[in-house]
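Subject: Structure for your review

Dear colleague,

Please find below the structure that I am handing over to you. My notes on what was found in it follow directly after.

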Amino acid sequence: MKIRYPKKRLKVNLILGIVWLVFGILAFTFDGTNLFNLGYLAFGLIYLGLYLFENSKQYLTIENGVITKNTLHPKSIKLNEINHINDFAGDYVLKTEHEELSINKSYIEKNSLLALETILEGLNLDVKETINVQSNLS
């Protein structure tokens with residue numbers, strides 16, 4: 001199951017990639033000697049690459065009891081090892097004995113967020129809303 005990015009996020013990355021590429025092509029057309037024009041092309045390629053990566057991988061993947069956050073360095077946690085879930089400042093923080101995975105809810109499409117919440121509720125753990133305040137008493 002894929003937990004998808006909002007379509008607006010993907011469209012913005014695609015549009016920015018195209019706009020920067022057009023600027024780069026026009027800049028080289030009118031002044032091919034200026035090396036700063038490479039920046040326009042670089043930004044365009046970066047945004048198009050980001051669009052292609054996020055559109056194909058999406059934000060999270062849940063397969064075979066493992067939740068994976070799809071970034072350049074993917075991070076995975078087994079669902080059955082999760083022993084604590086915090087809902088803090090628009091993020092879910094999934095914790096195991098040795099690992100922690102932060103999930104930003106604003107990066108998730110509404111229907112996918114409902115599916116994720118259903119899966120997390122199925123773990124039968126308390127989802128705690130916390131205020132992260134350090135105690136100086138110790």
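**Salt bridges**

Arg9 and Glu54 form a salt bridge, with their closest N and O atoms 2.9 Å apart. The term denotes a side-chain nitrogen of Lys or Arg within 4 Å of a carboxyl oxygen of Asp or Glu. Since Arg9 belongs to helix α1 and Glu54 to helix α2, the pair ties together parts that are 45 residues apart in sequence. Helices (H or I, at least four residues) and strands (E, at least two) are DSSP runs, numbered from the N terminus.

Please note that this is a predicted model, in which local features need pLDDT of at least 70 and side-chain atom pairs count only at pLDDT 80 or more, while totals for chains, interfaces and linings use all residues. Residues are numbered from 1 along each chain as its sequence is written, and side-chain values use heavy atoms, with hydrogens and water left out.

The two partners of this bridge are covered as follows: Arg9 is partly exposed, at a relative accessible area of 27%, whereas Glu54 is buried, at 5%. Here buried means under 20% relative accessible area, exposed over 50%, and partly exposed in between (1.4 Å probe, protein chains only).

The count of salt bridges comes to two. The other pair is Asp87 with Lys105, whose closest N and O atoms are 3.0 Å apart. This pair links distant parts of the chain, with Asp87 in strand β5 (residues 84–88) and Lys105 in the loop between β7 and α3, 18 residues apart. Both Asp87 and Lys105 are buried; for Asp87 the relative accessible area is 15%.

**Nonpolar core**

The largest nonpolar core (buried Ala, Val, Leu, Ile, Met, Phe, Trp, Tyr and Cys residues joined through side-chain atoms within 4.5 Å) has 20 residues, of which Leu60, Ile67, Tyr92, Leu94, Ile103, Ile108 and Leu116 touch the most other members. Two or more residues each are given to this core by β2 (60–63), β6 (91–95), β7 (100–104) and α3 (110–121). Its largest share, three residues, comes from α3.

Leaving aside neighbours within four places in sequence, Ile108 is in contact (heavy atoms within 4.5 Å) with Ile3, Arg4, Pro6, Tyr59, Leu60, Ile103, Leu113 and Leu116. Pro6 itself is placed in the loop between β1 (2–3) and α1 (7–30). Not counting residues up to four places away in sequence, Pro6 touches Ser106, Tyr107, Ile108 and Glu109. The C-alpha atoms of Pro6 and Glu109 are 4.3 Å apart in space, although the two residues are 103 apart in sequence.

**Helix α2 and the surface patch**

Asn37 is found in helix α2 (residues 37–57) and counts as buried, at 7% relative accessibility. A polar atom of the Asn37 side chain lies 2.7 Å from the backbone oxygen of Asp31. Beyond its neighbours within four places in sequence, Asn37 is in contact with Gly24, Ala27, Phe28 and Asp31.

Tyr40 is also found in helix α2 and counts as partly exposed, at 32% relative accessibility. Together with Ile15, Val19 and Phe23, Tyr40 forms a nonpolar patch on the surface, with about 350 Å² of accessible area together. The patch joins residues with over 30% relative accessible area and no salt bridge, nonpolar side chains (Val, Leu, Ile, Met, Phe, Trp, Tyr) being joined within 5 Å. Accessible areas come from the Shrake-Rupley method with a 1.4 Å probe; for residues, only the protein chains shown count as cover. Helix α1 supplies the largest share of this patch, three residues.

Yours sincerely

Notes. A polar contact is a pair of N or O atoms within 3.5 Å; within protein, one must be able to donate a hydrogen and the other to accept it, and residues adjacent in sequence count only if both atoms are side-chain atoms. Patches are made of residues with over 30% relative accessible area and no salt bridge: like charges are joined within 9 Å, nonpolar side chains (Val, Leu, Ile, Met, Phe, Trp, Tyr) within 5 Å.
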